[in-house]
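Reader: Hi! I have a new structure open and I'm not sure where to begin. Could you walk me through it?

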There are 2 protein chains.
Amino acid sequence: MTFSRPVEDEVDRLVAAWKQERPDLDVTPLEVLSRVSRLSRHLERERRAAFASHDMESWEFDVLTALRRAGEPYELSPGALLRATLVTSGTMTNRIDRLAAAGLVTRRPDPEDRRGVLVRLTPAGMHRVDAAFADLLRRERELLAGLEQHEQQALAALLRTLLVPFDTSDAATH
Amino acid sequence: MTFSRPVEDEVDRLVAAWKQERPDLDVTPLEVLSRVSRLSRHLERERRAAFASHDMESWEFDVLTALRRAGEPYELSPGALLRATLVTSGTMTNRIDRLAAAGLVTRRPDPEDRRGVLVRLTPAGMHRVDAAFADLLRRERELLAGLEQHEQQALAALLRTLLVPFDTSDAATH
DNA sequence: TCGATTTATCTCGACGTCAAGATAATGAAG
DNA sequence: CTTCATTATCTTGACGTCGAGATAAATCGA
């Protein structure tokens, strides 16, 4: 039970400005969606900073992480990787090229489908991602320190509701 | 009061995979923060699609919107604009250049500060942004249709808590 | 008033992403 | 078996963003 709410964020100001300028419009959708976008941008900056100390780029982490959590043998197709990371196929090809050049993944033809390719995490890649991930979790925990456990759960559940339509409907290849 | 929760999103699967692979780590921060990032990416795609029909880019909209809601005389400095849009100064210079070339804004020296510049929305820019904004709100309302009014408010409040530290502490110039 | 610091904007090269299209293999239908 | 639609990956060029640094004006302090 919290009683104080004197604190404003940028979105409060933004919404107030719109109400002033366009009182005819109902801008309440911004209360949620602008906050999601802005928070995501701030988080991305934090991630960048966190990874810098591990000499890793945030796009590298996204790919390596997907492979890592896939479990043995830490191998996925480019298609699976692009669905996990929400980037286009061209972007994923490019990312895999560079990760392979850095020795963090290997690429081999899929023996079951001659169109396909399989990307596998190397021991070096595994080591890198594990270190960075532990650090990221530590930092993310701090960012969430302002919320009680049950608030975090409530927040997660609400976000899930918004996310489900995206994650189910389209198996978008892009 | 809702009892059903059979529905999973991609983050549920992602968290389950991590628990399998690294049971020693507490990955609950991902429940919130991965969802924010992923949702933001999906929203960005939606925005792109929404603006396409108005023949407008999403970066253009961000700048024009900031000017529009500032009210008469619809004029802000590049510094104010970059803080509103969370981009770097180099990016903002570039954006203003292109918007000015398109006739949607004008740029003039700040009479009060010879280092400064003032960017003003033109009538054409105003017209464009008003049309696009109305459309965006309509689409965003649909995205939120899965949540009751009070759920949206709760969600907004929780997000605000996470956002406040970013929006207060740093007046980051970048 | 002078020098040092801060603030505001711009420049430029490196880089990552996207969109569209190319290639090639697979799967489905008759 | 042949044709057609689909799927998987890669190629390419255009584009927007970032980061670092340059310039110049304003502000602060002794």
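Author: Happy to! Keep in mind that this is a predicted model. Let's start at DNA strand D, where a polar side-chain atom of B:R95 sits 2.4 Å from a phosphate oxygen.

Reader: Okay, and what does the side chain of B:R98 do with DNA strand D?

Author: An N or O atom of that B:R98 side chain is 2.7 Å from a phosphate oxygen of DNA strand D. From chain A, A:G79 uses its backbone instead of a side chain: a backbone N or O atom there lies 2.7 Å from a phosphate oxygen of the strand.

Reader: Which elements give two or more residues to the surface near DNA strand D?

Author: From chain A, they are helix 2 (28–52), helix 4 (78–85) and helix 5, and from chain B, helix 5. Helix 5 of chain B gives the most, with five residues.

Reader: How many residues surround DNA strand D, and which are the closest?

Author: There are 23 residues around DNA strand D, and the closest are A:G79, A:S89, A:R115, B:R95 and B:R98. By class, that surface has four nonpolar, ten polar and nine charged residues.

Reader: What part of DNA strand D comes within 4 Å of the protein, sugar and phosphate or bases?

Author: Of the strand D atoms within 4 Å of the protein, 72% belong to sugar or phosphate, and the rest belong to bases.

Reader: Got it. Now the other strand! Which residues are closest to DNA strand C?

Author: The closest to DNA strand C are A:R95, A:R98, B:G79, B:S89 and B:R115, out of 23 residues that surround it. Sugar and phosphate make up 74% of the strand C atoms that come within 4 Å of the protein.

Reader: Which residue has a side-chain atom 2.6 Å from a base oxygen of DNA strand C?

Author: That's B:R115, through an N or O atom of its side chain. Two backbone contacts go to phosphate oxygens of DNA strand C: a polar backbone atom of B:G79 is 2.7 Å from one, and a polar backbone atom of A:T88 is 3.3 Å from one.

Reader: And which helix gives the most to the surface near DNA strand C?

Author: Helix 5 of chain A, with five residues. The surface near DNA strand C divides into four nonpolar, ten polar and nine charged residues.

Reader: New topic: how are chain A and chain B related?

Author: Rotating by 180° with 0.0 Å of shift along the axis superposes chain A on chain B, with an RMSD of 0.0 Å. That is the relation of a two-fold axis.

Reader: Why do the copies meet through the same surface?

Author: Because 100% of the interface residues of chain A are also interface residues in chain B.

Reader: Can we look at helices from the two chains? At what angle do helix 3 of chain A and helix 1 of chain B pack?

Author: Helix 3 (residues 58–70) of chain A and helix 1 (residues 10–21) of chain B pack at about 60°, with their axes 8 Å apart. The two helices are therefore oblique to each other.

Reader: Which residues make that contact?

Author: Helix 3 of chain A brings A:T65, A:R68 and A:R69, while helix 1 of chain B brings B:L14, B:A17, B:W18 and B:E21. They divide into three nonpolar, one polar and three charged residues.

Reader: What about helix 2 and helix 3 within chain B, at what angle do they cross?

Author: Their axes cross at roughly 85° and come within 9 Å. Helix 2 and helix 3 of chain B are therefore roughly perpendicular to each other. Helix 2 supplies B:E44, B:R47 and B:F51 to the contact, and helix 3 supplies B:S58, B:F61 and B:D62. Two of these contact residues are nonpolar, one is polar and three are charged.

Reader: Last one: anything unusual in the backbone?

Author: Some background helps here: most residues other than glycine have a negative phi, and most peptide bonds are trans. In chain A, the peptide bond from A:E72 to A:P73 is cis, with omega near 0°, and A:P73 is in the loop between helix 3 and strand 1 (75–76). Chain B has a cis peptide bond between B:E72 and B:P73.

Reader: And which residue has a positive phi although it is not a glycine?

Author: A:L86 does, with a phi of about 60°. You'll find A:L86 in the loop between helix 4 and helix 5 of chain A.

Terms used:
Residues numbered from 1 in each chain as written. Chains lettered and ligands numbered in written order. Predicted model: local features only at pLDDT ≥ 70, side-chain atom pairs only at ≥ 80, totals over all residues. Heavy atoms only, no water. Near = heavy atom within 4 Å. Polar contact = N/O pair within 3.5 Å; in protein donor to acceptor, adjacent residues only side chain to side chain. Helix = DSSP H or I, 4+ residues; strand = E, 2+ residues; numbered from the N terminus. Nonpolar A, V, L, I, M, F, W, Y, C, P; charged D, E, K, R; others polar. Axes fitted to C-alpha atoms, helices over the stretch in contact; angles between N-to-C directions. Parallel < 35°, antiparallel > 145°, perpendicular 65-115°, else oblique. Contact = heavy atoms within 4.5 Å. Least-squares fit on C-alpha atoms with pLDDT ≥ 70 in both.
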